Amino acid sequence: MCGIIGYCGQKDAVPVVLEALKCLEYRGYDSAGVASLCDGQLLISKDAGKVEEVIEKHKLATLPGHVAIGHTRWATHGGVTQSNAHPHPDCTGRLAVVHNGIIENNQELRRELTEAGHRFASETDTEVIAHLLEDELKSGRSLEQAMLSIAPKLEGSYAFVAVSLDDPDKIVGTRKSNPLIVGLKDRDYYISSDALAFAQYTDEVMALEDNEVVVLTEGAIEFLDPEGNKVAKQSRTLDQSWAVSDKGAYQHFMLKEIMEQAQVLERIVDQDRQQFTQIALDILRARQVIITACGTSRYAALVGRYLFSRVGKKFCDVVMASEFGYFADSVDKNTVVIAVSQSGETADVVEGVKAARAVGAEVISIVNRPNSILTDLSHQVIYLNCGSEIAVAATKSFLSQLAIFYLLAFAMVNSFDEAAASLAGLGGQISKTLDWNKSELIKLSDRLKDKDDAYYIARGINFAIASEAALKLKEISYVHAEGMPAGELKHGTLALIEQGTPVVVICPDDYTFAETLSNAIETKSRGAYIVGVSDRESDVYDSWIRIPEVDELLYPMVAVVPLQLLAYYIAVNRGCDPDKPRNLAKSVTVK
Ligand code: M6R
């Protein structure tokens, strides 16, 4: 997590950095800060709080400088305090570092550096980098030589950039298993965790490989390999359609992203049919297929598992990426691993994929962000093509993942075109669902907003939608919520149902309807308030979220959308910021 930005060039550096930090806030928003070089001084200003709050409080926009770096933090080591905010200076205050990732051996390095006389001002792992660089600079090295020299001492995964008064007018950066990308335009250079941060200025980018060091000065850029040799690089053009990050008329990104799902579905079918056919064959031929993912992406994978079984008659397993390593013994070259990730940089997924590749498994990834760490590691990549998703809560990426699994499942039985046609028509049904339910959902959110708990139940292919809808509610409104197969309730959770406990029952008029409804009745007999999500009305519901009648394998896609919206309205009703829920970040780049 954490967002890094650096700029040097002809413009005033700090305003560029501040604008970039606003774009990077999805990566973390506990604290923010900048460091700029100006007239022989290193100016550092930072604090706990969201980017806008820190900018306002410290009047950051007035900081001068032609070279600046900035950071927006998601705390790992050390609490959310001003001293733990980045940038971090060394003992002399002559250099500053911003960092994303984790230095796993930081305790050991901190001990050594403290014994050698360094004074630490924060509890962060990042600060060891500043002190290590300080020693190297003292011995007369340039900033890039210093960086090359300390990198082998750092264990873990990281991306960091540094500026120094002892080697001024430049920004130096390096990375290992964490993103860092350079943007260039005329004599201006940018460096960031995400090209989104500088996309308003340029679409020309250069990738930094693991363990390379990049040196930016006004009008010049240089890449060095770990031995310090120059590396020649070609720039490439960023797909600007990706870079749109405007809320438009919507109050929140989450609402915008929910509302654009009908259009997203129309775009998603624009896939390479040949590629799907090839991947479908690989899946069918594999000895075993494991889908790995985290959070919402894992729930999409659970729907995918049903689709593979029901349509392709291929059993596969879904393994939570953070647990993947514990199953590594059974992964081999006859295994296909499907990694699902919106960001393409979730650390647990990346780690699982590396382990799978190491034993010769074929890796297929389903990702949204182009040129991510995961795309580089995969044999085949399927893109979601749903555009940038800014809100921390995944919505349109989830729907897109469901659509991709649907296409893949039908590609297994040579029916890709039929599946694409069904999906193309589904956008209209999703718009209809939103139109039908908007005012009812607002009323319902008012009724449910003060509840402490909510339960979501469903069966079969719809079960993962119960889990996903519960995740949406809890992550943005901080209401405890659980999603589970309806048949599991009576094995324990039923004990928690009391008078008025909300139970959201996803029971489309399909093969799951009758049994799911009986489970709903069991909770109603114990006082539950039943919210039915179905195309079939029933007296059992206290509240009805009406969805259109669609093919039974498409119900997950129409059922999830109003539940995303319900979670959104509840969060707003409770005074929560749905785009930036507490303690979370969009990209989870630490294990
Ligand atoms: O980028 P990824 O899809 O790999 O992210 C995985 C999870 O961190 C993510 O889905 C998370 O659960 C969302 N915040 C849920 O809305």
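Colleague: Which domains does the assignment give for the protein chain?

Modeller: In this predicted model, the assignment splits the protein chain into domain 1 (3–237), domain 2 (243–414) and domain 3 (427–578).

Colleague: How far apart are the C-alpha centres of domain 1 and domain 2?

Modeller: Those two centres are 32 Å apart. The contact takes 11 residues from domain 1 and 8 residues from domain 2.

Colleague: And what area do domain 1 and domain 2 bury between them?

Modeller: About 870 Å², with 53% of it on carbon and sulfur atoms.

Colleague: Which three residues supply the most on the domain 1 side?

Modeller: Tyr-26, Ser-177 and Leu-196. Together they supply 48% of the area that domain 1 buries against domain 2, more than any other three residues.

Colleague: How many salt bridges cross the interface of domain 1 and domain 2?

Modeller: The rule finds 2 salt bridges there. It also finds 4 residue pairs in polar contact across that interface, both residues at pLDDT 80 or more.

Colleague: What about the classes on the side of domain 1 that touches domain 2?

Modeller: That side has 5 nonpolar, 2 polar and 4 charged residues.

Colleague: Which residue forms a salt bridge with Arg-27?

Modeller: Glu-345 does, and the closest N and O atoms of the pair are 2.7 Å apart.

Colleague: Switching to cavities. How many of 30 Å³ or more are in the whole structure?

Modeller: The search finds 3. The largest cavity has a volume of about 80 Å³.

Colleague: What lines the largest cavity?

Modeller: The lining has 14 residues, and among them Cys-2, Thr-76, His-86, Gly-101 and Asp-125 lie nearest the centre of the cavity.

Terms used:
Residues numbered from 1 in each chain as written. Predicted model: local features only at pLDDT ≥ 70, side-chain atom pairs only at ≥ 80, totals over all residues. Heavy atoms only, no water. Domains from an automatic or database assignment. Contact = heavy atoms within 4.5 Å. Buried area = accessible area lost by both parts, 1.4 Å probe. Salt bridge = Lys/Arg side-chain N within 4 Å of Asp/Glu carboxyl O. Polar contact = N/O pair within 3.5 Å; in protein donor to acceptor, adjacent residues only side chain to side chain. Nonpolar A, V, L, I, M, F, W, Y, C, P; charged D, E, K, R; others polar. 1 Å grid on protein atoms, 1.4 Å probe; cavity = no way out; pocket = protein on both sides within 12 Å on 5 of 7 lines; lining within 4 Å. Points joined across faces, edges and corners; volume = space filled by probe spheres on them.
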